[in-house]
Amino acid sequence: MAKKIGITDTVLRDAHQSLLATRMKTEDMLPIAEKLDKVGYWSVEMWGGATFDSCLRFLKEDPWERLRKLKQSMPHTRMQMLLRGQNVVGYRHYPDDVVEAFVDHAHSNGIDVFRIFDALNDIRNMETAIKAAKTTGAHVEGSFCFTTSPVHTIQMFVKLAKDLEALDCDSVCIKDMAGILPPDVAYHMVRELKENISIPIHLHTHCTSGMAVATTLKAVEAGVDLVDTAISSLSMGTSHPPTETIVAMLKEPGESAMLDLALLTQIADYFRDVRRKYREFEMDYFVVDTNSLAFQIPGGMLSNLSKQLKDQNALNRMPEVLEEVPKVRAELGYPPLVTPTSQIVGTQAALNVLLGERYKMIPMETKNLVRGLYGKSAAPIDPEVKKKAIGDEEPIESRPADLLQPELEKAKVDSALMARGMEDVISWALFPQVAKEYFEERDGLRAIPEESIAALAVALFHTPALQNPNQSAMPQAAGRASPWKLVARQEGIRHGRTGGRL
């Protein structure tokens with residue numbers, strides 16, 4: 001217990017992803033960044049996971065700009081992100097060129113620690129991301145997703161950790177995304193890992209089942225090197241153990257705490273006020289529920305599933321959906337429930353309940369999971385479910401990304417009229433439609449009435465500049481933008497939406 005434990009605070013990423021549907025805005029992070037930087041955390045997790053998508057889709061923010069601003073505001077603290085292996089920060093597998101470009105630009109914009117995992121614990125889906133991150137010189141933390149089933153054992157997880165060490169990872173993370181890791185199992189797992197690998201071990205767990213504080217303490221007793229926490233005002237529930245609580249528990253008699261508890265209290269007070277701004281996204285189904293030991297859905301998925309059911313006036317059916325989840329999970333080969341498998345299993349379970357017939361509707365994502373396009377499952381898929389999903393088709397055996405053609409060059413072409421730089425191209429490659437809509441809104445190109453475009457087109461196409469190409473009145477952007485794009489941008493300027501840029 002006298003050993004100094006590194007603390008990673010998740011307040012800027014997983015904490016609000018778990019409790020507030022990933023809706024915290026950058027403007028609510030920056031005012032407290034200076035104090036966060038003074039704490040002395042081993043790292044602060046502040047990017048990746050669902051934050052990238054949420055920034056573009058819901059908050060209308062540039063996730064790259066968030067990263068740069070936080071890095072600038074917290075120069076003394078490691079910036080950490082969660083990377084979904086071949087899924088990057090999305091919900092499907094991307095080709096290697098997209099993965100490599102994303103990792104390179106994430107590092108150059110400020111990421112110091114890449115926590116890399118695969119939803120099926122298929123190491124093949126992590127190799128490209130790990131190699132790319134190692135190339136940048138960043139700290140690479142290979143992760144395995146903890147889950148329970150008839151086929152998952154401590155020995156299986158130890159083998160995964162050894163494989164990750166063999167890939168030259170700098171540390172290994174036990175990723176208990178659903179908060180189902182019991183204290184004694186954590187103790188024995190950490191002891192086994194300590195005997196089999198030589199790199200640091202990092203514990204990530206959630207409070208969903210109520211066990212996380214005890215689990216963290218037992219892991220520390222077993223020799224874990226790093227633990228995840230969340231500042232108290234954004235902890236517990238489906239989030240993580242409170243930072244202040246863990247720091248106080250690990251304080252040796254007569255010694256000062258490893259982190260400044262007074263400073264942590266100030267940070268907690270700040271986020272307590274911030275949290276009130278996002279009440280509409282709070283999950284109101286439960287705070288702690290030991291049924292999570294059965295359904296195993298992580299906090300981020302629970303908060304989003306709760307909101308989706310609420311939007312459909314079906315929140316009262318949450319117990320039925322949660323009861324259906326473990327049945328679907330078993331039939332799909334016991335995948336760990338983490339993005340994107342938690343969404344796939346959760347959505348299928350919801351459809352089975354709301355439609356009144358199991359597998360009456362099977363989304364393409366479920367079919368692709370059965371096809372093996374997300375990787376190899378830990379156990380065989382139920383034959384009847386396989387038949388309903390893909391008929392007589394045989395699942396693939398190769399690494400899924402080997403079937404993908406490069407996409408980065410196409411993204412450069414498709415986004416050429418809107419992208420300001422390579423980061424925009426990567427955003428487009430990951431989320432084409434969402435990025436397009438964000439760029440249009442950012443540049444003031446959305447919601448322009450067709451009659452305005454038509455009228456402006458007539459005016460522009462009858463100007464001397466457009467009639468005589470030797471005249472210099474044509475905007476400089478004409479060399480790369482079509483006349484119709486220029487029309488739209490001119491209209492945007494007229495309404496003050498582009499800030500005068502072309």
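Me: Why does the sulfur of Cys173 form no bond with the closest cysteine sulfur?

Reply: In this predicted model, the closest cysteine sulfur belongs to Cys145, and it is 8.8 Å from the sulfur of Cys173. A disulfide needs the two sulfur atoms within 2.5 Å, so 8.8 Å is too far for a bond.

Me: How many disulfides does the structure hold?

Reply: Zero. A disulfide, by the way, is a covalent bond between the sulfur atoms of two cysteines.

Me: Is Cys173 buried or exposed, and how do you know?

Reply: Buried means under 20% relative accessible area. Cys173 has 0%, so it counts as buried. Cys55 passes the same way: its relative accessible area is 1%, so it is buried too.

Me: How do you know what Asp122 counts as, buried or exposed?

Reply: Same kind of check. Its relative accessibility is 8%, and the limit for buried is under 20%, so Asp122 counts as buried. Asp122 sits in the loop between β4 and α6 (127–136). Leaving out neighbours within four places in sequence, Asp122 is in contact with Gly375 and Lys376.

Me: What share of the residues in the protein chain is buried?

Reply: Buried residues account for 57% of the 502 residues.

Me: On to rings. What makes Phe144 and Phe157 an aromatic pair, and what kind of pair is it?

Reply: A pair of aromatic rings is described by the distance of the centres and the angle of the planes. The ring centres of Phe144 and Phe157 are 5.2 Å apart, and the limit for a pair is 6.5 Å, so they qualify. Their planes are 15 degrees apart; anything under 30 degrees counts as stacked, so that is the label here. By this rule the structure has 13 aromatic pairs.

Me: Which parts does the pair of Phe144 and Phe157 tie together?

Reply: Phe144 is in strand β5 (residues 139–145) and Phe157 is in helix α7 (residues 154–166), so the pair links parts that are 13 residues apart in sequence. Phe144 is buried at 1% relative accessibility, and Phe157 is buried with a relative accessible area of 1%.

Me: Which residues form one aromatic cluster?

Reply: Trp47, Phe52, Trp64, Tyr91, Phe102 and Phe431.

Me: How do you know that Lys175 lies over the face of Phe117?

Reply: Lys175 is 5.0 Å from the ring centre of Phe117. The limit is 6 Å, so the distance fits; the charge must also be within 35 degrees of the ring normal. Lys175 is listed as lying over the face of Phe117. Lys218 does likewise with Tyr187, at 4.9 Å from the ring centre.

Me: What runs β1-β2-β3-β4-β5-β6-β7-β8?

Reply: A closed barrel of eight strands, with parallel pairing. From one strand to the next, the twist averages 30 degrees. The protein chain as a whole has 23 helices and eight strands.

Me: How do you know that strands β7 and β8 pair?

Reply: Pairing takes at least two bridges. Strand β7 (residues 201–205) and strand β8 (residues 226–229) have two bridges, and they run parallel. The pair meets the rule, because two is enough. One of the matches is His202, whose bridge partner in β8 is Leu226.

Me: And how many bridges join β1 to β8?

Reply: Four, with the strands running parallel. Asp9 stands opposite Thr229 in β8. There are also two bridges from β1 to β2, again parallel, and on that side the bridge partner of Asp9 is Val44.

Me: What makes both faces of strand β1 count as covered?

Reply: In a regular strand the side chains alternate between the two faces of the sheet. In β1 (residues 6–9), Gly6 and Thr8 are on one side, Ile7 and Asp9 are on the other, and all of them are buried.

Me: Why is β2 called largely enclosed by the rest of the structure?

Reply: Six of its six residues are buried, so the label follows. Four bridges join β2 to β3, running parallel, and Gly48 stands opposite Leu82 in β3.

Me: Which helix lies across β2 and β3, running at about 165 degrees to β2?

Reply: Helix α4 (residues 63–73). Helix α5 (residues 96–109) lies across β2, β3 and β4 (113–116), at about 165 degrees to β3.

Technical notes
Residues numbered from 1 in each chain as written. Predicted model: local features only at pLDDT ≥ 70, side-chain atom pairs only at ≥ 80, totals over all residues. Heavy atoms only, no water. Phe/Tyr/Trp six-rings, centres within 6.5 Å; stacked < 30°, edge-to-face > 60°. Buried < 20%, exposed > 50% of the residue type's maximum accessible area, 1.4 Å probe, protein only. Axes fitted to C-alpha atoms, helices over the stretch in contact; angles between N-to-C directions. Contact = heavy atoms within 4.5 Å.
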